[in-house]
Amino acid sequence: MTLEIDTERVLCSVAELARDGCRGFTIGDGDWPLRGLVVQVRPGVIRAYQNWCPHLGYALNFVPHGFLSPDGALLRCHSHGASFEKEDGLCIAGPCRGRHLLPIPIEVHVGWVLLAAGI
């Protein structure tokens with residue numbers, strides 16, 4: 001039996017998350033592609049959010065895949081220092097405290113993290 005994966009929806013592999021904790025992605029072309037990040041909250045729990053800080057709308061990272069706080073416990077906006085919980089994207093410190101990162105629906109299938117079907 002062959003399992004097929006829609007490669008256009010692949011965001012990253014689960015193995016990459018186990019190694020790095022977080023990965024950025026871009027899907028689409030033109031002026032408004034979907035830019036986001038995938039983060040492993042804990043083994044078996046993965047979330048995805050738009051790469052857009054609710055404070056001023058900047059991307060969270062300066063360098064590719066650089067979304068985590070130094071200890072890896074939180075997502076962080078490197079422009080103004082806002083810190084977000086990985087589980088639900090809630091800002092717990094910084095200029096947008098109480099606001100959330102925008103979630104992106106995902107699926108995990110045979111070792112791959114994919115954009116949810118129909119998105």
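# Exercises on salt bridges, a sheet and a pocket

Arginine 9 and glutamate 107 form a salt bridge, with 3.4 Å between their closest N and O atoms. The model examined here is predicted.

## Exercise 1

Determine which parts of the chain the salt bridge between arginine 9 and glutamate 107 ties together, and classify the accessibility of both residues.

**Solution.**

1. Arginine 9 belongs to the segment before β1 (10-13), and glutamate 107 to strand β8 (residues 106-109), so the salt bridge ties together parts that lie 98 residues apart in sequence.
2. Arginine 9 has a relative accessibility of 18%. Buried means under 20%, so arginine 9 counts as buried.
3. Glutamate 107 has a relative accessible area of 31% and is therefore partly exposed.

## Exercise 2

State how many salt bridges the whole structure holds, and describe the pairs formed by arginine 23 and by arginine 42.

**Solution.**

1. Searching the whole structure yields four salt bridges.
2. Arginine 23 pairs with glutamate 16, the closest N and O atoms being 3.4 Å apart. With a relative accessibility of 16%, arginine 23 is buried.
3. Arginine 42 meets glutamate 87 in a salt bridge at 2.7 Å, N to O. This pair links distant parts of the chain: arginine 42 is in strand β3 and glutamate 87 in the loop between β6 (83-84) and β7 (91-93), 45 residues apart.
4. Arginine 42 is partly exposed at 44% relative accessibility, and glutamate 87 is partly exposed at 30%.
5. A network of salt bridges links Arg42, Arg47 and Glu87.

## Exercise 3

Derive the arrangement of the open sheet that contains β3, and explain why one side of β2 and of β4 has no neighbour in the sheet.

**Solution.**

1. The open sheet has three strands in the order β2-β3-β4, and their pairing is antiparallel.
2. β2 (22-27) and β4 (45-50) are at the edges; each has a single partner strand, so one side of each is left without a neighbour in the sheet.
3. On average, neighbouring strands of this sheet are turned by 25° against each other, direction ignored.
4. Six bridges join β3 (residues 34-42) to β4 in the antiparallel sense. Arginine 42 stands opposite valine 45 in β4.

## Exercise 4

Describe the volume of the largest pocket and the character of its lining.

**Solution.**

1. The largest pocket holds about 180 Å³ of space.
2. Its lining consists of Asp31, Trp32, Pro33, Leu34, Arg35, Gln50, Asn51, Trp52, Gly57 and Ala59.
3. Sorted by character, the lining residues are five nonpolar, three polar and two charged.

Terms used
Residues numbered from 1 in each chain as written. Predicted model: local features only at pLDDT ≥ 70, side-chain atom pairs only at ≥ 80, totals over all residues. Heavy atoms only, no water. Pairing = 2+ DSSP bridges. Helix = DSSP H or I, 4+ residues; strand = E, 2+ residues; numbered from the N terminus. Axes fitted to C-alpha atoms, helices over the stretch in contact; angles between N-to-C directions. 1 Å grid on protein atoms, 1.4 Å probe; cavity = no way out; pocket = protein on both sides within 12 Å on 5 of 7 lines; lining within 4 Å. Points joined across faces, edges and corners; volume = space filled by probe spheres on them. Nonpolar A, V, L, I, M, F, W, Y, C, P; charged D, E, K, R; others polar. Salt bridge = Lys/Arg side-chain N within 4 Å of Asp/Glu carboxyl O. Buried < 20%, exposed > 50% of the residue type's maximum accessible area, 1.4 Å probe, protein only.
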